[in-house]
Amino acid sequence: MANKRFYHIGFGQDDLGSPPPSIALLSGDPERSRLIAQTYLQDIRALSENRGLNSYVGYLPNGRRILSATSGMGAPSLSIVVNELVQVGIQQIIRIGTCGSIQPYIPVGSVVISSAALCRQGAANDIAPVEYPAAADPFLTVALVKAARELEVEHYIGITASVDTFYEGQERTDSANPYLMRSLHGITEEYRRLNILNYEMECGTLFKMAGVYNFAAAAICGVVAGRTVSENIILEQRDIAVKNAIAIAVNAAEKLE
């Protein structure tokens, strides 16, 4: 196993060096993974940029080695990457993503820390039954909350809706397909009344994988769209939200036991 280089992530245990990292910061966007490595890590080394699944290893300021990796967009891609990361020895994963809030009190530019997910994802159904809970690790989640408070970033903690599509599954009609299936009409309002905070596309599957594979997972997302107002992403505040989510995740990772 140690000598095996995994097909999708493009590296194996032997490539991680010593001591090998046990924590991964996982982003959907390869540029975000690179930004994290270049901004927050020291002595960084690129492990792979295979298939756009960029991965870098480096040191946090406290000397802890950490991996900054890319999951790609959506649960199917994430499921492949996470499976291979666990095989090379990763034991804790913090997803750093973006999301759209569906509660009027959650503004664009803030962050959402997911305590659990309503998981409407096909990839997750191959890993565990629909009824299997998609819950974040409580200790990682508390670490993120503490970091957000320390950094004085506006944050919200609660349940996330994880779905497989950006447009139809999130009840967007301003797209190539303005006609939604009847089962999707009003689903955002339904979720809102269930006190769900936001939409995103990965953490439900990540949380189920964590339960089945026996690793710890958490998720923090910068809010880039306020769905109670508009279907559109607010580009002006996107960078602020993402920067804050990254800073919180790095701070939390640095202070983990």
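This passage walks through the pockets, a covered helix and some surface features of a predicted model.

The pockets make a handy starting point. Rolling a probe the size of a water molecule over the atoms shows where empty space is left. In this model, the largest pocket holds about 780 Å³ of space. A total of 31 residues line the largest pocket, and those nearest its centre are Asp29, Arg32, Gly97, Thr98 and Arg238. Several elements give two or more residues to this lining, namely α1 (30-40), β5 (92-101), β8 (196-200), β9 (216-226) and α7. Strand β5 has the largest share, putting in six residues. As for chemistry, the lining of the largest pocket is a mix of 13 nonpolar, eight polar and 10 charged residues.

Next comes the second largest pocket, with a volume of about 290 Å³. Its lining is made up of 15 residues, and Phe139, Ala143, Lys255, Leu256 and Glu257 sit closest to its centre. Here the elements that supply two or more residues are α4 (138-151) and α7. The most comes from α4, which gives seven residues to the lining of the second largest pocket. Sorted by class, this lining has eight nonpolar, two polar and five charged residues. Helix α7 thus turns up on the list of contributors for the largest pocket and again on the list for the second largest pocket.

Helix α7 spans residues 235-255, and Leu235 belongs to it. Leu235 also has a part to play at the surface: together with Phe166, Tyr167 and Ile233, it forms a nonpolar patch. The accessible area of these four residues adds up to about 350 Å².

Helix α6 is another story. This helix runs over residues 203-213 and is mostly covered, with eight of its 11 residues buried. The buried ones are Cys203, Gly204, Thr205, Leu206, Phe207, Lys208, Met209 and Ala210. Just past the end of α6 comes Asn214, where phi is positive, at about 70°.

Last up is Arg45, a residue of strand β2 (residues 42-48). Is Arg45 buried, partly exposed or exposed? Its relative accessibility is 37%, so Arg45 counts as partly exposed, given that buried means under 20% and exposed means over 50%. Arg45 can also be placed relative to Ser55, which is 10 residues away in sequence. In space, the C-alpha atoms of Arg45 and Ser55 are 8.7 Å apart.

Notes
Residues are numbered from 1 along each chain as its sequence is written. This is a predicted model: local features need pLDDT of at least 70, side-chain atom pairs count only at pLDDT 80 or more; totals for chains, interfaces and linings use all residues. Side-chain values use heavy atoms; hydrogens and water are left out. Patches are made of residues with over 30% relative accessible area and no salt bridge: like charges are joined within 9 Å, nonpolar side chains (Val, Leu, Ile, Met, Phe, Trp, Tyr) within 5 Å. Accessible areas come from the Shrake-Rupley method with a 1.4 Å probe; for residues, only the protein chains shown count as cover. A salt bridge is a side-chain nitrogen of Lys or Arg within 4 Å of a carboxyl oxygen of Asp or Glu. Helices (H or I, at least four residues) and strands (E, at least two) are DSSP runs, numbered from the N terminus. Buried means under 20% relative accessible area, exposed over 50%, partly exposed in between (1.4 Å probe, protein chains only). On a 1 Å grid over the protein atoms alone, a cavity is a set of points where a 1.4 Å probe fits but cannot get out, and a pocket is an open set with protein on both sides within 12 Å along at least five of seven lines; lining residues have an atom within 4 Å of a point. Grid points are joined across faces, edges and corners, and a volume is the space filled by probe spheres set on the points. Ala, Val, Leu, Ile, Met, Phe, Trp, Tyr, Cys and Pro count as nonpolar, Asp, Glu, Lys and Arg as charged, and the others, Gly among them, as polar.
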